Amino acid sequence: MTEPTDETLAGGCLCGAVRYAVSLRRRPPVYACHCTDCQTRTGSAFGLQMAVPEARLVVTGETVEGTHVQPSGAMARIVACTRCLTRIYTTNDQRPGIANLRAGTLDDSASIVPAFHVWVSSRQPWIVIPDDVPAVDRQPADADEWASLFARIAR
Ligand SMILES: [Zn+2]
Ligand SMILES: [Zn+2]
């Protein structure tokens, strides 16, 4: 019998000064957030988030931090490369211990398929979400709704 081995997910910023790795038993799902804050923050159509335990995330290289108050009132901390300003992950004070990786910074970002979508009510009109992928009009109401979205994927 062999122990299941952890998968190491690695990624980094555009210029290569910041690298990260996170080792996990199972690859966490990635979800797309179509809120207007994510559109502004990314300068793009939506944010791609992968929630990982902050304690498992090993970041090397010099980073700079920004802060921002989310619509929920949570204070978000944004961690980026000092040189190229690529945003690597965020944390917020209402979800201690969780780091939301910007999933597009993963080395194998081409393998990412969003497992569910949130804030679909403000998605850009050209985006078509597949019928069989869960989509929530706005923010999931509470921790239970988040848990049920993540649970649907696990099966
Ligand atoms: Zn950089
Ligand atoms: Zn968002």
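A residue counts as buried under 20% relative accessible area, as exposed over 50%, and as partly exposed in between. By that rule Cys84, at 26% relative accessibility, is partly exposed. Cys84 belongs to a zinc site, described below together with the other features of this predicted model.

## Confidence

The protein has a mean pLDDT of 91, and 95% of its residues reach 70 or more. Among its elements, strand β5 (residues 57-60) has the highest confidence, at 98, and helix α2 (residues 143-154) the lowest, at a mean of 79.

## Zinc sites

The zinc ion (ligand 1) takes its protein donors from the SG atoms of Cys13, Cys15, Cys81 and Cys84, which lie 2.3 to 2.4 Å from the ion. The angles among these four donor atoms run from 107 to 114°, and the site is tetrahedral; that label requires all angles to lie between 85 and 135 degrees. Along the chain the donor residues of ligand 1 are spaced C-x1-C-x65-C-x2-C.

Accessibility can be given for some of these donors. Cys81 is buried because its relative accessibility is 0%, below the 20% limit. Cys13 also falls under that limit, with a relative accessible area of 11%, and is therefore buried. Cys84 is partly exposed, since its 26% lies between the two limits.

For the zinc ion (ligand 2), the protein donors are Cys33 (SG), Cys35 (SG) and Cys38 (SG), at 2.1 to 2.3 Å from the ion. Their spacing in sequence is C-x1-C-x2-C. Water is not among the atoms, so sites may look incomplete. Two of the donors of ligand 2 can be placed by accessibility: Cys33 is buried at 6%, and Cys35 is buried at 13%.

A disulfide is a covalent bond between the sulfur atoms of two cysteines. With a cut-off of 2.5 Å between cysteine sulfur atoms, the count of disulfides in the model is zero.

## The largest pocket

The largest pocket holds about 650 Å³ of space. Its lining is made up of 31 residues, and those nearest its centre are Gln70, Ser72, Asn92, Gln139 and Trp146. The elements that contribute two or more residues to this lining are β3 (30-33), α1 (36-42), β8 (87-92), β9 (98-102) and α2. Helix α2 contributes the most, with four residues. This is the helix in which confidence is lowest, at a mean of 79.

## Backbone: positive phi

Most residues other than glycine have a negative phi, and most peptide bonds are trans. Two residues with positive phi are described here.

Leu85 has a phi near 65°, a positive value in a residue other than glycine. Leu85 is located in the loop between β7 (75-81) and β8. Its relative accessible area of 54% is over the 50% limit, so Leu85 is exposed.

Trp119, likewise not a glycine, has a positive phi near 55°. The loop that holds Trp119 runs between β10 (116-118) and α2. Trp119 is buried because its relative accessibility, 17%, is under 20%.

## Buried strand residues and C-alpha separations

Three strand residues are taken in turn, each with one partner elsewhere in the chain.

Met50 is part of strand β4 (residues 47-53) and is buried, with a relative accessible area of 0%. Leu57 belongs to strand β5 and is buried at 11%. Ala99 sits in strand β9, one of the elements that give two or more residues to the lining of the largest pocket. Ala99 is buried at 0% relative accessibility.

The table lists the separation of each pair in sequence and in space.

| Pair | Separation in sequence | C-alpha to C-alpha distance |
|---|---|---|
| Met50 and Tyr89 | 39 residues | 9.0 Å |
| Leu57 and Leu24 | 33 residues | 9.7 Å |
| Ala99 and Gly73 | 26 residues | 17 Å |

Terms used
Residues are numbered from 1 along each chain as its sequence is written. Chains are lettered from A and ligands numbered from 1 in the order in which they are written. This is a predicted model: local features need pLDDT of at least 70, side-chain atom pairs count only at pLDDT 80 or more; totals for chains, interfaces and linings use all residues. Side-chain values use heavy atoms; hydrogens and water are left out. Donors are N, O and S atoms within 2.8 Å of the metal (3.2 Å for Na, K and Ca); water is not among the atoms, so sites may look incomplete. Four donors count as tetrahedral if all angles lie between 85 and 135 degrees; four count as square planar and six as octahedral if opposite donors are over 155 degrees apart and all others between 65 and 115; anything else is irregular. Buried means under 20% relative accessible area, exposed over 50%, partly exposed in between (1.4 Å probe, protein chains only). pLDDT is the predictor's confidence in each residue, from 0 to 100. On a 1 Å grid over the protein atoms alone, a cavity is a set of points where a 1.4 Å probe fits but cannot get out, and a pocket is an open set with protein on both sides within 12 Å along at least five of seven lines; lining residues have an atom within 4 Å of a point. Grid points are joined across faces, edges and corners, and a volume is the space filled by probe spheres set on the points.
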